[in-house]
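Student: Hi! Got a minute to walk through a structure with me?
Tutor: Sure, let's bring it up.

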Amino acid sequence: MKKINFDQLFFNSIFELKKKNLERGLKLLTKIDPVKVKYKQKVLLNFSSNDYLGLSQNKTIKNYTINIIKKYGMGSGSSRLVSGNFDFHEKTEKELAKKKKSEAAIIFSTGYLANYSILSSIFNSNIFKKKPIVFSDKLNHQCIYEGCKNKDIKFLRFHHNDMNHLEYLLKKNKFKTNPKFILSETVFSMDGDFADIESLVKLKKKYNSFLFLDEAHATGVYGDNGFGLSLKFSNDIDCVTGTFSKAFGSFGAYVSCSKNLKSFLINKCPSFIYSTSLPFSLLASIYSSIKIIPKLKNERKKLIKNSFYLREALKKENFNIGNSQTNLIPIIIGDPKKTISISKELERKGLYVVPIRPPSVPPNSSRLRISISSCHSENNIKKLFNSLKMFKNRI
Ligand SMILES: Cc1ncc(COP(=O)(O)O)c(C=O)c1O
């Protein structure tokens, strides 16, 4: 029998990526502060972090977390359904449900896992008499796609943020009695534009569908007190997910939903049932962030003002920033090789802006994805803009 050289196969697969300038590798960084990292002995201004409010370094959160670790220690010891459900889990969920104006909330280990496992457990559950029809924004995050990898659903993608196309697809299926699901992010991670939530809600109602929204990049920054854009329509949205790993400066994720959906997930969602619950350290930092985030009005104002300034300046210079409306600003270049080379030159100028390439973004749309934090100063942003301007003729 011919021996399989597994390692050679792994090498071949990466070599194919390398040839297309799509190979990825890990960069070893040292954290200095919310907007500075050290890379290869050089201090760089970081424009690639999702720590939008600098909360990863917040003193109050750090001290509270240290005290909780001193009191309770590290791990929770088991899954929540065994002996890992503590007052901290319940108190955090109660607080979250209050802030999200939802009947209930439930914590997950990561945003990726929440989206993937909620969708897959709903679609795998056999609760429907007919095949679910899923309408998903084309630019939804990979974890939403993963949750929809199921041969027993009909999966349809609508053009990004195109409510006419979504309605066209819904209309085509209007007379089918299959359960319908509409899936979207509220702030798109790679393009920095807002979903049209009002229209999504209208369409959901008109076509009697289930509306699922991912608030990963809105949580902490947008909506009332930073608790997301779905808040305005909380009675009409069936399931909202969000992460604590971005503006919350921590790790973990939440789902806000009805009490029934929460019970369904506790009973039917394998990643909730068979995985150890979040440790005290994370619960403490999440709980503390929930309390602090409403108070960060000035930080959010500064973030929005600085992002507006950079977007307008880039547009004036004819950079292609797509339809960015937020603190996530792509500079769409197209060619991956060119994108890597400009990112490297920015690095020489003391700026860390990673190149984002397919499959994280669609083919031929490689980009520099800038994320602005409230901890960036005006001078930091001017420095980035002036450096980018120097490469304008190459983009
Ligand atoms: C839109 C969106 N959803 C979910 C996630 C995953 O969140 P987490 O990092 O908590 O796994 C991300 C992270 O990149 C994201 O951009």
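Student: How many bridges join strand 11 to strand 14, and do they run parallel or antiparallel?
Tutor: There are 6 bridges between strand 11 and strand 14, and the two run antiparallel. Keep in mind that this is a predicted model. One pair to look at is L328, which stands opposite S371 in strand 14.

Student: What is the strand order in that sheet?
Tutor: The order is 11-14-13, in an open sheet of 3 strands with antiparallel pairing. Strand 11 (328-334) and strand 13 (355-356) are the edge strands, each pairing on one side only.

Student: And how many bridges join strand 13 to strand 14?
Tutor: Here 2 bridges join them, again with an antiparallel run, and strand 14 covers residues 366-371. In that pairing, I356 sits opposite R367 of strand 14.

Student: Which helix packs on the sheet?
Tutor: That's helix 12 (residues 336-348), which touches strand 11, strand 13 and strand 14. The direction of helix 12 makes about 35 degrees with that of strand 14.

Student: Back to strand 11: why is it largely enclosed by the rest of the structure?
Tutor: Because 6 of its 7 residues are buried.

Student: Switching to the ligand, which residues come nearest?
Tutor: Of the 14 residues around the ligand, the nearest are T110, G111, S189, A216 and T243.

Student: Which element gives the largest share of that shell?
Tutor: Helix 4 (residues 111-123), with 3 residues.

Student: How many of the shell residues are nonpolar, polar and charged?
Tutor: The shell around the ligand has 8 polar, 4 nonpolar and 2 charged residues.

Technical notes. Residues are numbered from 1 along each chain as its sequence is written. This is a predicted model: local features need pLDDT of at least 70, side-chain atom pairs count only at pLDDT 80 or more; totals for chains, interfaces and linings use all residues. Two strands pair if DSSP finds at least two bridges between them. Helices (H or I, at least four residues) and strands (E, at least two) are DSSP runs, numbered from the N terminus. Two residues are in contact if their C-beta atoms, placed from the backbone, lie within 7 Å. Axes are lines fitted to C-alpha atoms, for helices over the stretch in contact, and angles run from 0 to 180 degrees between N-to-C directions. A residue is near a molecule or strand if its C-beta atom, placed from the backbone, lies within 6 Å of it. Ala, Val, Leu, Ile, Met, Phe, Trp, Tyr, Cys and Pro count as nonpolar, Asp, Glu, Lys and Arg as charged, and the others, Gly among them, as polar. A residue is buried if 20 or more other C-beta atoms lie within 10 Å of its own, exposed if 12 or fewer, and partly exposed in between; C-beta atoms are placed from the backbone.
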